[in-house]
Amino acid sequence: MKYTKLTEDADGLSYFTECQAELPERDFVPPAAPLLISDILPATGMVFLTLPAGWRGIQHPSPHKQIAAILSGRFRVVAGTGEARDFCAGDLFWMEDTTGPGHASSAEGGTPVTMVITQLS
């Protein structure tokens, strides 16, 4: 399973990397057949979030290490390097830029962006 991670270098400058989650076959819901499933990621909370159509944020660090699952709309993120990426329904976006100047984000395309964010331990 692919996802994009926004992390930061030693100077706090955020940048994107492409990642692949390892999904070994394991028993998860016996007696059902084994499934392809990752290791458990400890989490502290989960929120539902909607960015109104046209919403624009200012540069900020992520408030937590967190993973966003985009449900609808087009979510644009501009890393500290200036690189911009768009995320749409079905995309996973992992944020770890918690100490530097962070990133800017916006709702593009004239529609709201909905997502579920899981805050990691």
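**View 1. Phenylalanine 87, a buried residue in a predicted model**. At 3% relative accessibility, phenylalanine 87 counts as buried, because the cut-off for that class is under 20% relative accessible area. The model shown here and in the other views is predicted. Phenylalanine 87 belongs to a cluster linked by ring pairs, together with Phe16, Phe75 and Phe93.

**View 2. The stacked pair of tyrosine 3 and tryptophan 94**. The structure holds five aromatic pairs. In the one formed by tyrosine 3 and tryptophan 94, the ring centres are 5.3 Å apart and the planes meet at 25°, a stacked arrangement. Tyrosine 3 comes from strand E1 (residues 2–8) and tryptophan 94 from strand E9 (residues 92–95), so the pair ties together parts that are 91 residues apart in sequence. Tyrosine 3 and tryptophan 94 are both buried.

**View 3. The tilted pair of phenylalanine 16 and phenylalanine 87**. Here the ring centres are 6.4 Å apart and the planes are at 50°, so the pair is tilted. Phenylalanine 16 is in strand E2 (residues 14–20) and phenylalanine 87 in strand E8 (residues 84–87); the pair links distant parts of the chain, 71 residues apart. Phenylalanine 16 is buried, with a relative accessible area of 7%.

**View 4. Serine 106 and its contacts**. Serine 106 is found in strand E10, which covers residues 104–108. Its relative accessible area is 7%, so serine 106 is buried. The side chain of serine 106 makes a polar contact of 3.3 Å with the side chain of arginine 56. Another polar contact, of 2.5 Å, joins the side chains of serine 106 and glutamate 108. With neighbours within four places in sequence left aside, the residues in contact with serine 106 are Leu51, Trp55, Arg56, Arg74, Phe75 and Arg76.

**View 5. Glycine 54 in a loop**. The loop that holds glycine 54 lies between strand E5 (43–51) and strand E6 (66–72). Glycine 54 has 45% relative accessibility and therefore counts as partly exposed. Its C-alpha atom is separated by 43 Å from that of proline 34, although the two residues are 20 apart along the chain.

**View 6. The whole protein, for orientation**. The secondary structure comes to eleven strands and zero helices. The C-alpha trace spans about 50 × 35 × 25 Å along its principal axes. Of the 121 residues, 32% are buried. Among contacts between residues at least 6 apart in sequence, 69% join residues at least 24 apart.

Methods
Residues are numbered from 1 along each chain as its sequence is written. This is a predicted model: local features need pLDDT of at least 70, side-chain atom pairs count only at pLDDT 80 or more; totals for chains, interfaces and linings use all residues. Side-chain values use heavy atoms; hydrogens and water are left out. Helices (H or I, at least four residues) and strands (E, at least two) are DSSP runs, numbered from the N terminus. Buried means under 20% relative accessible area, exposed over 50%, partly exposed in between (1.4 Å probe, protein chains only). Contact means heavy atoms within 4.5 Å. A polar contact is a pair of N or O atoms within 3.5 Å; within protein, one must be able to donate a hydrogen and the other to accept it, and residues adjacent in sequence count only if both atoms are side-chain atoms. Rings of Phe, Tyr and Trp (its six-membered ring) pair if their centres lie within 6.5 Å; planes under 30 degrees apart count as stacked, over 60 as edge-to-face and the rest as tilted.
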